[in-house]
Number of protein chains: 2
Amino acid sequence: MTHNTAPPDELTFWSFVDYAVHKAERELPSVNAEAMRMVLTLNRATSMVVYDLESSIHRPRGWTWPGFRVLFALWLAGPMEAKTTAEISGMSRAALSALLNTLERDGLLSRERATHDRRALQLSLTEEGYGAILGVFRAHNRRESAWAQALEPEERRELVRLLNKLMAGSTDAKAKFRN
Amino acid sequence: MTHNTAPPDELTFWSFVDYAVHKAERELPSVNAEAMRMVLTLNRATSMVVYDLESSIHRPRGWTWPGFRVLFALWLAGPMEAKTTAEISGMSRAALSALLNTLERDGLLSRERATHDRRALQLSLTEEGYGAILGVFRAHNRRESAWAQALEPEERRELVRLLNKLMAGSTDAKAKFRN
DNA sequence: TCAGCTTCATCAAACATTTGATCATCTGGG
DNA sequence: CCCAGATGATCAAATGTTTGATGAAGCTGA
């Protein structure tokens, strides 16, 4: 690629994917442009949704997106071992360990040693955690609904189907998973 | 929601979305379950793709996912103002500022004051940055290709279309954007 | 039994991100 | 001309994440 290629006059968040895919195709004939477009678009869409939900719902309440995910899992599935919480909320055990310090300090959940295995941690929401999660989730779900309305019901189902198929394919491809 | 609901015996990363959606529907009749399913699935799929790419491609080379995004943008679009870089790579100006410290320290890019506006920063790849990005991108794109193969070509196009429609709808919904 | 291996959790250091504040520079209206 | 407000960048503090190391507890087979 030439070092001195000038960027187009109007390069914005919205035009970048098209620009990048076309440019990469010109410069690198061997590039898989459709894979590049898929991953770029997937990331941008998710990043927008997450940023909007976190900044409009969770941060103003003193919560974070990862903290919400943990409290949400505990709310739905009840007390459970920390290892399970980490797995279902999609984070490493080390990341959860750090996150628990904040959530415990804020009085939203408690950690206790499990009785059957003294290595394991048992997590449960405190009364304060129970009191808070319902209201936060309602606001969160209202915001989710606003996003979902961009698609027709059939399109939403198809999007979910395609995303699930993408995830399922990864196991075949031996993708790297979290510890 | 009852405080003492026991979690199902087999609650895993893969079964959690179905479990959560059904349980939320039972407990909260007013929930928009399809929106909930869409956002949960979108996040999980993206998180898997990003984690796999970052841990298998970028971290082993001493790079990070956000760092790659910035270098990738500079590689494709050429030298540009930091403000533009932040916008097209989807990060806040403050986040970019911190990220630039690392990238500059590692000798991958340089920042200089712009001539026409002494507040603005002009970013450009160093020779070392140019030398590195091509190889990293090729490996990155090969990995993207493996993910993309989970879907049929027509499904990939449909996924991209739906994600773009989702993003486009957000502007109508007055979603919160980054600074 | 117990030594070695595995598993659970935490720690440490480096990094990226957020919000809100601050400083420097530019720009436009009186 | 010049001051007020807008804009670009950075900083500070708090948070969450990663990888690799460490310590504690459980398990297994000779």
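How do the residues of the surface near DNA strand D divide into nonpolar, polar and charged? They divide into 10 nonpolar, five polar and 10 charged; Ala, Val, Leu, Ile, Met, Phe, Trp, Tyr, Cys and Pro count as nonpolar, Asp, Glu, Lys and Arg as charged, and the others, Gly among them, as polar. The legends below describe a predicted model, in which local features need pLDDT of at least 70 and side-chain atom pairs count only at pLDDT 80 or more, while totals for chains, interfaces and linings use all residues. Residues are numbered from 1 along each chain as its sequence is written, chains are lettered from A and ligands numbered from 1 in the order in which they are written, and side-chain values use heavy atoms, with hydrogens and water left out.

**View 1. Residues of both chains surround DNA strand D.** A residue is near a strand if one of its heavy atoms lies within 4 Å of it. There are 25 such residues around DNA strand D, and the closest are Thr64(A), Thr102(A), Ser97(B), Arg119(B) and Leu121(B). Of the atoms of DNA strand D within 4 Å of the protein, 83% belong to sugar or phosphate, and the rest belong to bases.

**View 2. Polar contacts link side chains of chain B to DNA strand D.** A polar contact is a pair of N or O atoms within 3.5 Å; within protein, one must be able to donate a hydrogen and the other to accept it, and residues adjacent in sequence count only if both atoms are side-chain atoms. Phosphate oxygens of DNA strand D lie 3.4 Å from a polar side-chain atom of Tyr51(B) and 3.0 Å from a side-chain N or O atom of Arg93(B). For Arg119(B), the partner is a base oxygen, at 2.6 Å. Helix H5 (93-105) of chain A gives two or more residues to this surface, as do helices H2 (33-58), H4 (82-88) and H5 (93-105) of chain B. The most, six residues, come from H5(A). Helices (H or I, at least four residues) and strands (E, at least two) are DSSP runs, numbered from the N terminus.

**View 3. DNA strand C is surrounded by 26 residues.** The closest are Ser97(A), Arg119(A), Leu121(A), Thr102(B) and Arg105(B). Sugar and phosphate account for 82% of the atoms of DNA strand C that come within 4 Å of the protein. A phosphate oxygen of this strand is 2.9 Å from a polar side-chain atom of Arg93(A), and one is 2.6 Å from a side-chain N or O atom of Thr102(B). H5(B) provides the largest share of the surface, six residues. The residues here divide into 11 nonpolar, five polar and 10 charged.

**View 4. Three strands of chain B form an open antiparallel sheet.** Their order is E1-E3-E2, and two strands pair if DSSP finds at least two bridges between them. Strands E1 (80-81) and E2 (109-113) of chain B stand at the edges with a single partner strand each, so one side of each has no neighbour in the sheet. E1(B) pairs with strand E3 (residues 121-125) of chain B over two bridges, and Met80(B) stands opposite Leu123(B) in E3(B).

**View 5. Chain B superposes on chain A by a rotation of 180°.** The shift along the axis is 0.0 Å and the RMSD is 0.0 Å, with copies superposed by least squares on the C-alpha atoms of residues with pLDDT of at least 70 in both. That is the relation of a two-fold axis.
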